[in-house]
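This report describes how the helices, sheets and ligand shell of one chain are arranged. The sequence and structure are shown first, and the description follows.

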Amino acid sequence: MSTKAAHYYPTLPGHPDAAMIARFRRDGYLAFEQVLTPQEIKDASEGINLLVKKYAFNSELTEHVGQSAYAKSLKNGRGQLFKSKVSDFHFQLEGGYEPSPDRLDEMADHIRKFQSYATELPIYDYIANHHPRLKALMEAVLGENCRLYSSMALCKPAAIGGEKPWHQDLAYFAVNRFDGMCGLWIALDEATIDNGCMHVIPGGHLAGPRKHYWSKVDCEITTQEVDESKAVAVELKPGGLMIFDGMLPHETPANTSAKRRRALQFHYQSAATQVVPRPEYESKFSGPDGLFAGCDYSLVQKDE
Ligand SMILES: O=C(O)CCC(=O)C(=O)O
């Protein structure tokens, strides 16, 4: 894996200029060293523990699903799943970690994925929807009236946090067009190569849908279709962030270090980008062979 460094701006200006947006169109990502304040980072970090304390092992509010239906066949499907009964919020622990109601802070440090959290706490709603500079950035990239599509974040517990292999996010999102989706990835802990920072292929968003397949780990781009020698590592301090095009191939390696690596992630859609029925999306997200190139969950072996 390459350890070439990414390009960084020191911070995010109130109004991104034309050169910055041109760089985004060319490279498919922009990285900013320092954006969130220490208080925002603290509130967003503590929010993870607050949500675990609110929902975990609370049978009135939460269904403890245990292992998801994909547990057998996918390494990244193995962790225990907790689903809110009163909202869309849900979170999954890293595979192999056994939670206990007596150790909720420890449990918060073993989350792999948390989803649909943007409306769970004011700090997440603020960052996702109201932060003036982030809003200006999204509007500069996606146009006026762009809006939040999803909140879905991966954490990487120290030592056991698994890899998220190479993929394009639009291999998952059933929408009508692929030029109007953007991810925002915010480091809550320092993100380094050792603990699983983002890696991207600059310019890789311009080559259209890549062929994805189900490995034993996850849904990923076939090795012939991603040139890892072109990858750059986006290392960030807490409060640093990157935005990236929904077509940009990216991955995060396993966390082999003693330091956790948590991040927030939000996706935004342009006004013209609409969710459509899967057959319409699958016919568009196709390779040169005309076949769907994204992640088809019906092909994953589910538990009996
Ligand atoms: O944060 C990570 O480790 C990877 C995030 C990502 O690529 C994704 O959720 O699609």
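## Helix 2 against helix 4

In this predicted model, helix 2 (residues 38-55) and helix 4 approach each other with their axes coming within 9 Å, and those axes cross at roughly 125°. Because of that angle, helix 2 is oblique to helix 4, and the crossing in which helix 2 passes helix 4 is left-handed.

On the side of helix 2 the contact is made by E40, D43, A44 and G47, while helix 4 contributes I123, Y124 and I127. Sorted by class, the residues in this contact of helix 2 with helix 4 comprise four nonpolar, one polar and two charged.

## The sheet of 10 strands

An open sheet with mixed pairing is formed by 10 strands, which follow the order 2-3-15-10-17-8-7-6-5-4. Its edges are strand 2 (8-11) and strand 4 (62-67), each of which pairs on one side only, and from one strand to the next the twist averages 20°.

Several of the pairings within this order can be described by their bridges. Strand 7 (residues 111-115) and strand 8 run antiparallel and are joined by three bridges, with Q115 standing opposite M152 in strand 8. Strand 8 also pairs with strand 17 in the antiparallel sense, here over six bridges, and S151 has F266 of strand 17 as its bridge partner. Strand 10 (residues 181-187) pairs with strand 15 (residues 241-245), again in the antiparallel sense and over five bridges, and G183 is placed opposite F244 in strand 15.

## Helices on the sheet

Helix 4 (residues 122-130), already met as the partner of helix 2, lies across strand 8 and strand 17 and runs at about 125° to strand 8. Helix 5 (residues 132-142) packs on the sheet as well, touching strand 10, strand 15 and strand 17, and its direction makes about 150° with that of strand 10. Strand 17 is thus named in the description of helix 4 and is also touched by helix 5.

## The sheet of five strands

A further open sheet, also of mixed pairing, consists of five strands in the order 1-14-11-16-9. Strand 1 (4-5) and strand 9 (164-167) have a single partner strand each and stand at the edges, so one side of each is left without a neighbour in the sheet.

Within this sheet, strand 11 (residues 198-200) and strand 14 (residues 232-234) run antiparallel and are joined by three bridges, and M198 stands opposite V234 in strand 14.

## The shell around the ligand

Which residues surround the ligand? They are M152, L154, K164, D169, G196, H250, T252, A263 and Q265, and by class the shell has three nonpolar, four polar and two charged residues. At least two residues of this shell are supplied by each of strand 8 (147-156), strand 16 (250-252) and strand 17 (261-269).

The contributing strands can be placed in the sheets described above: strand 8 and strand 17 belong to the order of 10 strands, whereas strand 16 belongs to the order of five strands. M152, a member of the shell, is the residue of strand 8 that stands opposite Q115, and K164, also in the shell, lies in the residue range of strand 9 (164-167), an edge strand.

Note on methods:
Residues numbered from 1 in each chain as written. Predicted model: local features only at pLDDT ≥ 70, side-chain atom pairs only at ≥ 80, totals over all residues. Near = placed C-beta within 6 Å. Helix = DSSP H or I, 4+ residues; strand = E, 2+ residues; numbered from the N terminus. Nonpolar A, V, L, I, M, F, W, Y, C, P; charged D, E, K, R; others polar. Pairing = 2+ DSSP bridges. Axes fitted to C-alpha atoms, helices over the stretch in contact; angles between N-to-C directions. Contact = placed C-beta atoms within 7 Å. Parallel < 35°, antiparallel > 145°, perpendicular 65-115°, else oblique. Left-handed = near helix turned anticlockwise from the far one by under 90°.
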